Amino acid sequence: MTMDLKEFKKNVLAHGSDLGNWPEQIRETGQKALDGAAELRALLADAERFEGVLKTRRYEEPGEDLAERIISASVKKEKAPSTRNGFFSELLQEFWLPKPALTAVFVSLFFALIIGFTVGFLNSSGYVSAEQDETNLQNLLYYEGEVL
Amino acid sequence: MNLDANVSHPDDESLMREIREGSHDAFAVLVNRHSKRFYRIAHRLVFNKDDAEDIAQEAFLRLWHRRELWDPARGAKFTTWFYRVVINLCFDHKRKKRPSDRTENLEPVDVNPGQDAQLDARRKLALLDGFIRELPPRQQLALNLCFYEGLSHHEAAEIVGVKVKALHSLLMRAKTTLRDKANRYLPGGSV
């Protein structure tokens, strides 16, 4: 079994530049291919350099008391009775929307409100002028007087 | 907790069985054993110490408060299952948080001798973090689990929820993209 450049490159990307970490079934073939081709050795050296760069990545160590904090929080949380605030914040979290979606909802509601007001003002059928109001009152008084 | 001479170092799955029965001592052992490991993967995914600590804490608290959800009959490895819990919390967190400093505005660096020295190590690290941050989520995951955490490809594939072959493909694409970006933005050619 042989391994060409393309396959070798794929394996280097998937399993790394250390052939010792390659799966047993391809390690030997990879090693043979490497021994016979300068091109593959150059490719491997390049991959080693690249992995070296990736390995420079650092992360911040956690606080010394992380485990302790988690353990004590688990006790506290169990003891704490559920409050109304806790309930509402959990409820809000359940219905949490991403910012753009939330903005879209508010904008839609705002426009619905504006349209509602506009329609309300334009629709004059329910509007009663002061003059009409006075006439209606006179009619009522006149009518009631007649009954009495 | 059953801690006699023969089981002074119970495995994770035994601890989970005890936790399921309500043993807080077993929970404490598990937290002491794994909190740093799960903090680390959270930090690699959310790029922030405080957020990663919060996520690790939240994951363990969920484990404790919903301990009955662990089903020993499934035969799942604790770490595989818990990686998924932590990773899901990380992605929830990322969805809620506004995307921040990206590398799109960076100008490609002219490759000329001496310029390498101008980019200090810190900036290079920030760039590298930026490149990794911009990878699609599953590629990021594959890279972090296999390359940085050193998990077996089989376990990593189970965590990501893909077949091993698909995991290889994710890894290859992640590394190819990173290499291209490194070549483009960092001096020194193939890094």
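These legends accompany close-up views of a predicted model with two protein chains, A and B.

**Figure 1. Chain A is built from helices, with no strands.**
Chain A holds seven helices and zero strands. Along the sequence the order reads α-α-α-α-α-α-α. The chain has 148 residues, and 22% of them are buried. Among contacts in chain A with a separation of 6 or more, 47% link residues 24 or more positions apart. The exposed area of chain A is about 11700 Å². Carbon and sulfur atoms supply 60% of that area.

**Figure 2. Chain B is also helical, with nine helices and zero strands.**
From the N terminus, the elements of chain B run α-α-α-α-α-α-α-α-α. Of its 191 residues, 47% are buried. Residues 24 or more positions apart make 66% of the chain B contacts that have a separation of 6 or more. Chain B exposes about 10000 Å². Here carbon and sulfur atoms supply 46%.

**Figure 3. Confidence varies along chain A, from helix H1 down to helix H7.**
The mean pLDDT of chain A is 79. A score of at least 70 is reached by 67% of its residues. Helix H1 (residues 5-15) of chain A has the highest confidence, at 94. Helix H7 (residues 130-147) of chain A has the lowest, at a mean of 52. Over residues 144-148 of chain A, pLDDT stays under 50. For that stretch the model has zero contacts beyond four places in sequence.

**Figure 4. Two stretches of chain B stay under 50 in pLDDT, residues 1-6 and residues 101-106.**
Chain B as a whole averages a pLDDT of 85. In this chain, 81% of the residues score at least 70. Residues 1-6 of chain B have ten contacts beyond four places in sequence. Residues 101-106 of chain B have eleven such contacts. For the complex, the predictor gives an ipTM of 0.81 and a pTM of 0.71.

**Figure 5. Helix H1 of chain A packs against helices of both chains.**
Six residues to find in this view are A:Phe8, A:Asn11, A:Val12, A:Leu13, A:Ala14 and A:His15, which are buried in H1(A). Within chain A, the buried residues of H1(A) pack against helix H2 (24-36) and H3. From chain B, helix H8 (153-160) and H9 are their partners. A:Gly16 follows H1(A). The phi of A:Gly16 is positive, near 100°.

**Figure 6. A cavity is lined by residues of chains A and B.**
The structure holds one cavity of 30 Å³ or more. Its volume is about 30 Å³. Rolling a probe the size of a water molecule over the atoms shows where empty space is left. From chain A, the lining takes A:Val12, A:Leu13, A:Ala47, A:Phe50 and A:Glu51. From chain B, B:Lys175 and B:Arg179 complete the lining. H1 and helix H3 (38-54) of chain A, and helix H9 (164-185) of chain B, each supply at least two lining residues. H3(A) gives the most, with three. By type, the lining has four nonpolar residues, no polar ones and three charged ones. A:Val12 and A:Leu13, which belong to this lining, are also among the buried residues of H1(A).

**Figure 7. B:Asn144 is a buried residue in contact with both chains.**
B:Asn144 lies in helix H7 (residues 137-148) of chain B. Its relative accessible area is 0%, so B:Asn144 counts as buried. Beyond its neighbours within four places in sequence, B:Asn144 touches one residue of chain A, A:Arg57. In chain B, its contacts are B:Ile41, B:Arg44, B:Leu45 and B:Glu149.

**Figure 8. B:Phe47 has a positive phi although it is not a glycine.**
The phi of B:Phe47 is about 60°. Most residues other than glycine have a negative phi. B:Phe47 sits in the loop between helix H2 (24-46) and helix H3 (49-65) of chain B. Is this loop residue, B:Phe47, buried or exposed? B:Phe47 counts as buried because its relative accessibility is 16%, and the cut-off for buried is under 20%.

Terms used. Residues numbered from 1 in each chain as written. Chains lettered and ligands numbered in written order. Predicted model: local features only at pLDDT ≥ 70, side-chain atom pairs only at ≥ 80, totals over all residues. Heavy atoms only, no water. Helix = DSSP H or I, 4+ residues; strand = E, 2+ residues; numbered from the N terminus. Buried < 20%, exposed > 50% of the residue type's maximum accessible area, 1.4 Å probe, protein only. Contact = heavy atoms within 4.5 Å. Areas by Shrake-Rupley, 256 points an atom, 1.4 Å probe, with all protein chains shown as cover. pLDDT = per-residue confidence, 0-100. 1 Å grid on protein atoms, 1.4 Å probe; cavity = no way out; pocket = protein on both sides within 12 Å on 5 of 7 lines; lining within 4 Å. Points joined across faces, edges and corners; volume = space filled by probe spheres on them. Nonpolar A, V, L, I, M, F, W, Y, C, P; charged D, E, K, R; others polar.
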